[in-house]
Amino acid sequence: MGKNQQDHTTFFIIMLIALAKLLIHFLTYDNFELHRDAYLYYAQSEHLAWGFVAVPPSIAVFGKMATTIFGNTNFALRLFPALIGVANVLIICLMVKSLGGKRIAIILGGLAYILSPAFSHSNALFQPVSFNHFYWLLSGFLMLKLIQTQNPRYWLWIGLIFGLGFLNKYSILFFYAAIGIALLISRHRKLMWSKWFLGAVLLGLAIISPNLVWQFNHNFPV
């Protein structure tokens, strides 16, 4: 089997795993009621702002988009968490492939995620947690590609994802602090001495600045 055919087969398998993840949620979304927290985030979506006492603003934005398109339904509020779960499957499979994993490793990585009760549960909840998994996973994947390729332009994507992740849940600060420390004590710290790293910092700050202003104007409730 040629390399192109192997790549096509691997891509097909990854898409099948992602489709299985999507079907799991589409076939079960109405089997149980919304978690009580979903009502809080839905209420926030009806009063959009750059921040809230409990969470950053992005969960409300996703809620507003979903209910505007699909109405005030279980399906609407569970759509984006399910799609985020599918994105997580794709990232995991691509990360395994980037690390040199063969087809069986990719399948095991994808199946481990979609068969995990914990992640199946979180991807059925309209809460920041599913989006948090996505931003952390994607950040890890981009860091892997940055190190593998030694291409500092990946910093801009990392800055973008940091900003979006911050607007979802502030805990991403701990993840990026850990990444920064890990880089500084490794031989890859040279990647930080780049205009692209500075650009990523500025991009991230630009994205999160409206929420920081909101925090300041409301005496930092979080």
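Where is the place of Ser58? The legends below begin there, and every view is drawn from a predicted model.

**View 1. Ser58 in helix H3.** Ser58 sits in helix H3, which covers residues 58–70. With a relative accessibility of 10%, Ser58 counts as buried, because buried means under 20%. Look around Ser58 for Leu167 and Asn168: Ser58 is in contact with both, once its neighbours within four places in sequence are left aside.

**View 2. Helix H5 from end to end.** Helix H5 takes in residues 103–114, 12 residues altogether. At 1.5 Å a residue, H5 should span 16 Å, and its end C-alpha atoms are 17 Å apart, which agrees.

**View 3. The two sides of helix H5.** Here you can pick out the buried residues of H5: Ile106, Gly109, Gly110, Tyr113 and Ile114. Seen down the axis of H5, these buried residues fall within an arc of 125 degrees, so they line one face of the helix. Now turn to the face of H5 pointing away from that buried side, where you will meet the exposed residues Ile104, Leu108 and Ala112.

**View 4. A nonpolar patch on the surface.** Five side chains to find here are those of Phe12, Leu16, Leu19, Leu23 and Leu27, residues that form a nonpolar patch on the surface. Together they have about 510 Å² of accessible area.

**View 5. Leu27, one member of the patch.** Leu27 belongs to the nonpolar patch of View 4 and is found in the loop between helix H1 (3–26) and helix H2 (36–45). Leu27 has a relative accessibility of 66%, so it counts as exposed, the cut-off being over 50%.

Notes. Residues are numbered from 1 along each chain as its sequence is written. This is a predicted model: local features need pLDDT of at least 70, side-chain atom pairs count only at pLDDT 80 or more; totals for chains, interfaces and linings use all residues. Side-chain values use heavy atoms; hydrogens and water are left out. Helices (H or I, at least four residues) and strands (E, at least two) are DSSP runs, numbered from the N terminus. The expected span of a helix is 1.5 Å times one less than its number of residues. Buried means under 20% relative accessible area, exposed over 50%, partly exposed in between (1.4 Å probe, protein chains only). The arc is that of the directions from the helix axis to the C-beta atoms. Patches are made of residues with over 30% relative accessible area and no salt bridge: like charges are joined within 9 Å, nonpolar side chains (Val, Leu, Ile, Met, Phe, Trp, Tyr) within 5 Å. Accessible areas come from the Shrake-Rupley method with a 1.4 Å probe; for residues, only the protein chains shown count as cover. Contact means heavy atoms within 4.5 Å.
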